Amino acid sequence: MNVLLRSARYPNWGVFRPLASVRHSSIKALRDRFKDPTSPFHLPPGTQGPESPDPLPEELSPADEGRAKLIELGFDPDSFWEQPVVWGDHDSFQHVNNVRYLRFLESGRIHWMRALGQELGGPERADAMIKGKGVSLILKSISLDYKRPVVYPDTLLVAHQPHPGPLHTSSKVNSPTVTTGRQARTHFHVKGAIWSYAQRRIVTESDSVVVWYDYDKLTKCDPGEAARAVVQRRMDLRKAHGSH
């Protein structure tokens, strides 16, 4: 009885088809589709199909990869500064001297300060920010975390990201344990990162405190709501890009 029911539901049940025969049938059908001019798989005689049915993903350049990764981590694109490594950056230990990174970060920070000034008041304010005129920024402290040595030849991408503090090294600045309250009126913290094009990774990180400073009165100051809003927008970049 059971055999009769199974035969009724599955007419081909119990029919043995050799595996070689099935495979041969499938290959023949595929070849026929290659030869059929109406088939989307048609290959004209004398031509060769692609190595893969799917296009290969385009490999990012070291520069594009670095920018994409730093943006993903919440760094401000306006702060990106390319720093070529020269032979004279080496010391007797055959790698870039540790002190040079302070200069690299300084160059990136000054470039970033110009971007802040540009947003606050155009080219005139951008120039004033780096010439000690009116209200600008001054470095109070900085710490560095060297992750990998750098050697010539290489190009580095320097990036900065403001945050409310406290001081942190490494990417823990984006962790839930970091204070996310309002920035102080007279200062804020800045995380820095240096990406190596040759190594395709972050090779140095930093954290610093910068102070709003009135260079005319030679004292720290409250820069006003407009300046704090410009900084706050950059603090919020890591949230906009979903960094944790």
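Which residues are exposed on the other side of α5? Keep that in mind while you load the model, which is a predicted one; we'll start at this helix and work outwards.

**Stop 1: helix α5**

Select α5, residues 225-235. Colour A227, R228, V230, V231, R234 and M235, the buried residues of this helix. They span an arc of only 155° around the axis, so they sit on the same side of α5. Now turn to the other side of α5 for the opening question: E225 and A226 are the exposed residues there.

Next, show what lies over the buried residues of α5. The cover includes α4, β3 (154-163), β4, β5 and α6 (237-240).

**Stop 2: the nonpolar cores**

Hide the cover and bring up the largest nonpolar core, a set of 14 residues. Pick out L116, M129, L137, F188 and W212, which have the most contacts inside this core. Among the elements that each supply at least two of its residues are α4, β4 (187-196), β5 (201-214) and, from our previous stop, α5.

Zoom in on L137. Ignoring neighbours within four places in sequence, what is L137 in contact with? Select M113, L116, M129, F188, V210, V211, W212 and Y215, and you have the list.

There is also a second core, separate from that one, with eleven residues. To find it, select L70, A193, Y197 and I202, which are included in it.

**Stop 3: the aromatic rings**

Across the whole structure, a search turns up six aromatic pairs. One to look at is Y101 with F104: the ring centres are 5.9 Å apart and the planes meet at 70°, an edge-to-face arrangement. Both residues belong to helix α4 (residues 98-129), where three residues, about one turn of the helix, separate them. In an α-helix there are 3.6 residues a turn, so residues three or four places apart point the same way. Y101 and F104 are both buried.

Keep Y101 selected and add Y146. Here the centres lie 5.3 Å apart with the planes at 70°, so this pair is edge-to-face too. The Y101–Y146 pair links distant parts of the chain, with Y101 in helix α4 and Y146 in strand β2 (residues 135-146), 45 residues apart.

Are Y101 and Y146 buried or partly exposed? Y101 has a relative accessible area of 2%, so it is buried. Y146 comes out at 36% relative accessibility, so it counts as partly exposed.

For the last view, show Y101, F104 and Y146 together: ring pairs link them into a cluster.

Note on methods
Residues are numbered from 1 along each chain as its sequence is written. This is a predicted model: local features need pLDDT of at least 70, side-chain atom pairs count only at pLDDT 80 or more; totals for chains, interfaces and linings use all residues. Side-chain values use heavy atoms; hydrogens and water are left out. Rings of Phe, Tyr and Trp (its six-membered ring) pair if their centres lie within 6.5 Å; planes under 30 degrees apart count as stacked, over 60 as edge-to-face and the rest as tilted. Helices (H or I, at least four residues) and strands (E, at least two) are DSSP runs, numbered from the N terminus. Buried means under 20% relative accessible area, exposed over 50%, partly exposed in between (1.4 Å probe, protein chains only). A nonpolar core is a set of buried Ala, Val, Leu, Ile, Met, Phe, Trp, Tyr and Cys residues joined through side-chain atoms within 4.5 Å. Contact means heavy atoms within 4.5 Å. The arc is that of the directions from the helix axis to the C-beta atoms.
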